[in-house]
Amino acid sequence: MTDTTLAPTRLALVGNPNTGKTALFNALTGSRQKVANYAGVTVERKEGVLTSPSGRVIHVLDLPGTYSLRARSPDEAVTRDAVLGRLAGETPPDVIVCVADATNLRLVLRLALELKQVGRPFVLALNMFDIAQRQGLRIDLEGLSREIGAPIVTTVATRKRGIEDLVLQAEALADSMPAGENVWHEPSAAEIRAAHGEAQRIMKAHVRPAERPDTWTSRIDRVLLHPVGGLLILSTVMFVMFQAVFAWATPVADLIEAGFVGLGGLVATVTPDGLLRSLLVDGLIAGVGSVLVFLPQILTVFFFILLLEDSGYMARAAFLMDRIMGSAGLHGRAFIPLLSSHACAIPGVMAARVIDQKHDRLTTILIAPLMTCSARIPVYTLIIGALIPRTTVWGFLNLQGLVMFGLYAAGILSGLLVAFVIRTLFWRTASEPFMMELPTYRWPDPENVLRNLWQRGMIFINRAGRIILPLMVLVWVLSTFPYPPEGATGPAIDYSFAGMIGHFIQPLLAPIGFNWQMSIALVPGMAAREVAVAALGTVYAVGDVEGAGQVALASILQTQWSLATGLSFLAWYVFAPQCVATLGVVKRETNGWLWPTVMFSYMFALAYLASLATYRGTVALGWG
Amino acid sequence: MSEALVLDAIAAPEALEAPVGVAGAGLLSIARVGACGVIERVSAFDGALPAPELERRLLELGFVEGARIEVLEEGLFGRDPIAVRLDDTRVAIRRREAAAIEIRFDSQADA
Ligand SMILES: Nc1nc2c(ncn2[C@@H]2O[C@H](COP(=O)(O)OP(=O)(O)O)[C@@H](O)[C@H]2O)c(=O)[nH]1
């Protein structure tokens, strides 16, 4: 057996959702994991490597959770095709590991019966065996193994128990058992019923019900799913998450930003003035900084999401929000991505992974940038401070605050409206019925949470960063070249490509009340929304817009912009896709340029129409 | 039962009162919290999904004839969706799809 040239063995993990598949995958492969995408689809491909005690290299593929090989979503199609060895560009697995929650065997037994038809050797991993033992569940392992025709290993993934045994069994299967004939076909309703009957019979014969079944889940649900109390608790959880993003992540993000500004300053002192310095400081360093600055928010949002998912609360949140989200044609699970988008659309778009169904997920991604992200706040504060009088209306409401609130509300309402339009016009038939298992509550495993958090962070840096950074450099090139001619008096940006683009599109923007300074500021403002404030500072030549500069800029705007222009600019920022980083992440998450393009176009169209209506309306009211 | 009829039943509040603790057959879509029984029939209708597809999904989630079922929780708006115990699992489902599931409710004495 201990040949020196053992061929690598391929394992694939298959199982119902929430059975501890991810935990088992982590226990098997540790940190030797790689996350990528399957060719052509947006499904995440997780593969890891381990070396068995006998020295054999084993590749483990973690497949999306499913109840059946009859695929209902792109994720499940990957599972089916991988199991059947039909996945393009993939070597079929030698051994399938069917992961089961030992305390909840009925559904997975039916899946195991389907796997049996595939004819590939498989081993059943009875995970969560610690809980089964605690509950006094008695399983006749030998009998069960005989019935399903596969060896059984009991595991406790979070304690790494049973892992060696599992590897041993899988190796033995790979060596001894050739793949049999595949007689699997999509089961009909009658066949599913028959399989259920068979699973029921096997359960009766070999599993004695738990002596001390879990009663906590029902008790907790009575509180957490209470029609009113549950919603209040959910609001509290969300409030805490939102607070954490601002209280924990924003200071760190500011620190990162300050760090890169400092680094830029340092580099500027050691490089000669000129193109190289500008490229290094304003292009590269600022570009890398602008990628990393998102990391604290992404990690905070995902920290909460992982806790909510692993504890089993996420499904409850979806339950509570389903009716409200459903009125806009969204899935209950869209709630958390959309809420996260109020901090930043990027973690929001990434969080849309919690939605399985493709069209539900795409709809959520498409409207995520309409939620008012924190990068809009500097723009809003500047314009509101400059142009909206600080008066009190109806006796107690601050008009400036009211406008700010209106902008937030406009974001949410327009998002829901866009979702509604998408779902009623384009993807009418695709609307998924809301049906999902509410898993047993569990304590999240810290190691699992940290590992998955680390993975999210790396994915963002590796993949999204690779798109964001070049786009940032592009924006820098546009705002820097060509140089102003000798003896030029205007701001340098006026002579650059950005300036040219600004002047070129100005006639287009004139109907919505934008002057040429605003048109130019929009171009570097593509890098990130708040950059528009700095860009306005540059074109109005007030220099640094921090502190005194900001006041100076506000007073310039006060004299140079009409109220109609200011409101139009605000309306623009509610809708316009002024953020290449978001577009980059959407590209990464949807695996192509189609959806970023759709997003860009519809948001620009909305922004233009909204600004046009705002400007014309305000002028008509005589506030031009 | 046609889907339209079922939806009418959801809309009419008095229909919601019926099957708590009352023996007899009824649809899961009009069951209230506390109602329990055994699934008698799963017969889907065309809706968001074509009938055969909905039927298979319900079956795959464990809504199968003979399974014990109990309504545990309901949502705030229109008492929708509902959370049910289905043998050893818990499942959330909208009342709309629950209309495909016919239950023989336990009588009060059994419950
Ligand atoms: N007690 C116990 N908990 C486990 C075990 N395996 C996984 N878990 C926990 O179960 C939850 C769901 O696990 P996860 O791996 O995310 O499930 P997946 O949805 O199948 O990938 C997490 O909170 C895990 O920490 C186990 O063997 N015993």
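**Reading the ligand site and selected local features**

Reply: In this predicted model, the ligand is surrounded by 19 residues, of which A:Lys21, A:Thr22, A:Ala23, A:Asp130 and A:Ala157 come nearest.

Me: How should the chemistry of that shell be read, and how many of its residues are nonpolar, polar and charged?

Reply: One begins with the composition and then turns to individual atom pairs. The shell holds 7 nonpolar, 7 polar and 5 charged residues. As for atom pairs, an oxygen atom of the ligand is 2.3 Å from an N or O atom in the side chain of A:Thr22. A nitrogen atom of the ligand is 2.9 Å from an N or O atom in the side chain of A:Asp130. The backbone takes part too: a polar backbone atom of A:Met128 is 3.1 Å from an oxygen atom of the ligand. The protein covers 89% of the 580 Å² of accessible area that the ligand has on its own.

Me: Which helices of chain A each supply at least two residues of the shell around the ligand?

Reply: Here the shell is mapped onto secondary structure and then onto domains. Helix 1 (21-29) and helix 4 (129-134) of chain A each supply at least two residues, and the largest share, 3 residues, comes from helix 1. At the level of domains, the ligand lies between domain 1 (9-213) and domain 2 (229-377 + 401-463) of chain A, because both give residues to its shell.

Me: Helix 1 also contains A:Thr29. Is A:Thr29 buried or exposed?

Reply: The relative accessible area decides, with under 20% counting as buried. For A:Thr29 the value is 5%, so this residue is buried. The side chain of A:Thr29 also makes a polar contact, at 3.3 Å, with the side chain of A:Gln33. In general, residues three or four places apart in an α-helix point the same way, because there are 3.6 residues a turn.

Me: Why is helix 24 (residues 580-590) of chain A described as largely enclosed by the rest of the structure?

Reply: For a whole element, one counts its buried residues. Helix 24 of chain A is largely enclosed because 10 of its 11 residues are buried; among them are A:Val580, A:Leu583, A:Arg588 and A:Glu589. A:Lys587, also in helix 24, is partly exposed, with a relative accessible area of 23%. The C-alpha atom of A:Lys587 is separated by 8.4 Å from that of A:Ile467, 120 residues apart along the chain.

Me: Which residue follows helix 24 of chain A, and what is its phi?

Reply: Backbone torsions are read residue by residue. A:Asn591 follows the helix, with a positive phi near 65°, although it is not a glycine. A:Asn591 lies in the loop between helix 24 and helix 25 (594-620) of chain A and is partly exposed, with a relative accessible area of 35%.

Me: What is the secondary structure of chain B, and where does B:Pro81 lie?

Reply: The overall fold order is read before the loops. Chain B has 4 helices and 6 strands, in the pattern α-α-β-β-α-β-β-β-α-β along the sequence. Of its 111 residues, 54% count as buried. B:Pro81 lies in the loop between strand 3 (68-74) and strand 4 (82-86) of chain B, and a cis peptide bond, with omega about -10°, joins B:Asp80 and B:Pro81. That loop between strand 3 and strand 4 also holds B:Arg79, a residue other than glycine whose phi is positive, near 50°. B:Arg79 is partly exposed, with a relative accessible area of 30%.

Me: Which elements of chain A have the lowest and the highest mean pLDDT?

Reply: Confidence is read for the chain and then by element. Chain A has a mean pLDDT of 85, and 96% of its residues reach 70 or more. Helix 21 (residues 531-539) of chain A has the lowest mean pLDDT among the elements (75), and strand 8 (residues 152-154) the highest (97).

Notes:
Residues numbered from 1 in each chain as written. Chains lettered and ligands numbered in written order. Predicted model: local features only at pLDDT ≥ 70, side-chain atom pairs only at ≥ 80, totals over all residues. Heavy atoms only, no water. Near = heavy atom within 4 Å. Polar contact = N/O pair within 3.5 Å; in protein donor to acceptor, adjacent residues only side chain to side chain. Areas by Shrake-Rupley, 256 points an atom, 1.4 Å probe, with all protein chains shown as cover. Nonpolar A, V, L, I, M, F, W, Y, C, P; charged D, E, K, R; others polar. Domains from an automatic or database assignment. pLDDT = per-residue confidence, 0-100. Buried < 20%, exposed > 50% of the residue type's maximum accessible area, 1.4 Å probe, protein only.
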